[in-house]
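Here's a quick walk through one protein chain, written for someone who'd rather be at the bench. Have a look at the model first, then read on.

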Amino acid sequence: MPTTRPLSRFVATLAGAALLTSALTAQARELSVSTVLSDAFPWGQAAQKWAELVEERSDGELTLRVYPNAQLVSGDQTQEFSAMRSGLIDLAVGSTINWSPQVPALNLFSLPFLLPDAEAVDAVTGGETGEMIFSAIEEKGVVPLAWGENGFRQLSNSSGTIDEPADLEGLKIRVVGSPLFQDTFTALGANPTQMSWADAKPALTTGAVDGQENPLSVFDVARIDQVGQTHLTLWNYMNDPLVFAANRQVWGSLSESQREMLRETAVEAGAWEIAKTREEEAARLEAIRERGVNVTELSEAQHQAFVEATESVHDKWVPRIGEEIVEAARRDIDASE
């Protein structure tokens, strides 16, 4: 039967092709991950770490493609949460500041001088308050998975030393698109100017704004001292936790094992990035000093003057954030001391 072997070979080829097609179909569902900063910064590194961990553990079922610099929202970081909720973004490692217009509870972290140190931040995110905030995010159609950290935000300017509220009088300070930031700097006598990060550095370069506020990692990596920001005040006035999260429909389309793996890798990437951010803080500050930046550290009395000058912001914003969440945060903070 001369046709037997060729026929068998043909059937085997078809079977192999079918298996290959099945394998290709099953492998590598790609999910987009949005971040505001690139992997030159710890924030972007958090997203990249997440993608690497997923690649290692998903057996080819999932891959994460990171889109830095708010590419998926045309550079408008304040639209990231809405884009993820609507399905234009699958996953994100986002800032509590940028998401706060859509999730009022996230304004908790922007209340000036609420969080005294890293231990307080950990107590809030890891305690009752963190659970309440994650519930608030989920109610808005996004599934929160883990915490990361952009860090405590410091104040820089091109004019001179700032160690009391009066030094801010009339200064144009670039702030993110959050009304709470507008109120904070207005209370301090400054002229807050909202603009995206993409527009901030050019504005500092031209002198359109006098100063800005960001974590040391951003100041250092972006070399903000090169655009006239030669005065830096360490005042830890607020902290900016990051949140790893997923679109609800995307999350629901994943298998239980995929969801478990995605959450576990998010938690691991977040813990890695938080530790990295904090460990590098001292070296970053030293590098900034060596570049000739005038660094001001506030005394307890100087710090208290800023606290008192921003009390009106708390009066206005605590009801908007939610009395229960703020009280829970205060309990968590007290327990951390």
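## Helices at the C-terminal end and beyond

H14 and H15 sit roughly perpendicular to each other. That reading comes from a packing angle of about 105° between helix H14 (residues 311–321) and helix H15 (residues 323–336), whose axes are 6 Å apart. On the H14 side, the residues involved are His314, Val318, Pro319 and Ile321, and they meet Glu323, Ile325, Val326 and Arg330 of H15. Keep in mind that this is a predicted model.

H15 has another partner, helix H6 (residues 128–139), and here the angle is about 150° with the axes 8 Å apart. Angles over 145 degrees count as roughly antiparallel, so that is the label for H6 and H15. H6 brings Glu128, Thr129, Met132 and Ile133 to this contact, while H15 brings Glu324, Ile325, Ala328, Ala329, Arg331 and Asp332. Ile325 of H15 thus turns up in the contact with H14 and in the one with H6.

Here are the two helix pairs side by side.

| Helix pair | Angle | Axis distance |
|---|---|---|
| H14 and H15 | about 105° | 6 Å |
| H6 and H15 | about 150° | 8 Å |

## The chain as a whole

Stepping back, the protein chain has 15 helices and 10 strands. Its C-alpha trace spans about 100 × 45 × 30 Å along the principal axes. Out of 337 residues, 53% count as buried. The accessible surface is about 14,700 Å², and carbon and sulfur atoms account for 50% of that.

How many positive and negative side chains does the protein chain have? There are 25 positive and 50 negative ones, and the centres of the two sets lie 10 Å apart.

Contacts in this chain often bridge long stretches of sequence: of those between residues at least 6 apart, 76% join residues at least 24 apart.

## Two buried residues with distant partners

Ala46 belongs to helix H2 (residues 42–57). Is Ala46 buried or exposed? Its relative accessibility is 0%, so Ala46 counts as buried. Setting aside residues up to four places away in sequence, Ala46 touches Val93, Phe244, Ala269, Trp272 and Glu273. Glu268 is 222 residues away from Ala46 in sequence, yet their C-alpha atoms are 9.7 Å apart in space.

Asn107 sits in the loop between helix H4 (96–99) and helix H5 (118–125). With a relative accessible area of 5%, Asn107 is buried too. Its contacts, not counting neighbours within four places in sequence, are Ser100, Ser178, Leu180, Trp317 and Ile321. Ile321 is also one of the H14 residues that meet H15. Asn107 and Gly322 are 215 residues apart in sequence, with a C-alpha to C-alpha separation of 9.7 Å.

## Two residues with positive phi

Most residues other than glycine have a negative phi. Which values break with that here? Phe113 is not a glycine, yet has a positive phi of about 65°. Phe113 lies in the loop between H4 and H5, where Asn107 is also found. At 13% relative accessibility, Phe113 counts as buried.

Asn236 also has a positive phi, near 45°, without being a glycine. Its place is the loop between strand E8 (231–234) and strand E9 (239–247). Asn236 counts as partly exposed, since its relative accessibility is 26%.

Definitions and conventions: Residues numbered from 1 in each chain as written. Predicted model: local features only at pLDDT ≥ 70, side-chain atom pairs only at ≥ 80, totals over all residues. Heavy atoms only, no water. Helix = DSSP H or I, 4+ residues; strand = E, 2+ residues; numbered from the N terminus. Buried < 20%, exposed > 50% of the residue type's maximum accessible area, 1.4 Å probe, protein only. Contact = heavy atoms within 4.5 Å. Areas by Shrake-Rupley, 256 points an atom, 1.4 Å probe, with all protein chains shown as cover. Lys, Arg positive; Asp, Glu negative; His and termini not counted. Charge placed at Lys NZ, Arg CZ, Asp CG, Glu CD. Axes fitted to C-alpha atoms, helices over the stretch in contact; angles between N-to-C directions. Parallel < 35°, antiparallel > 145°, perpendicular 65-115°, else oblique.
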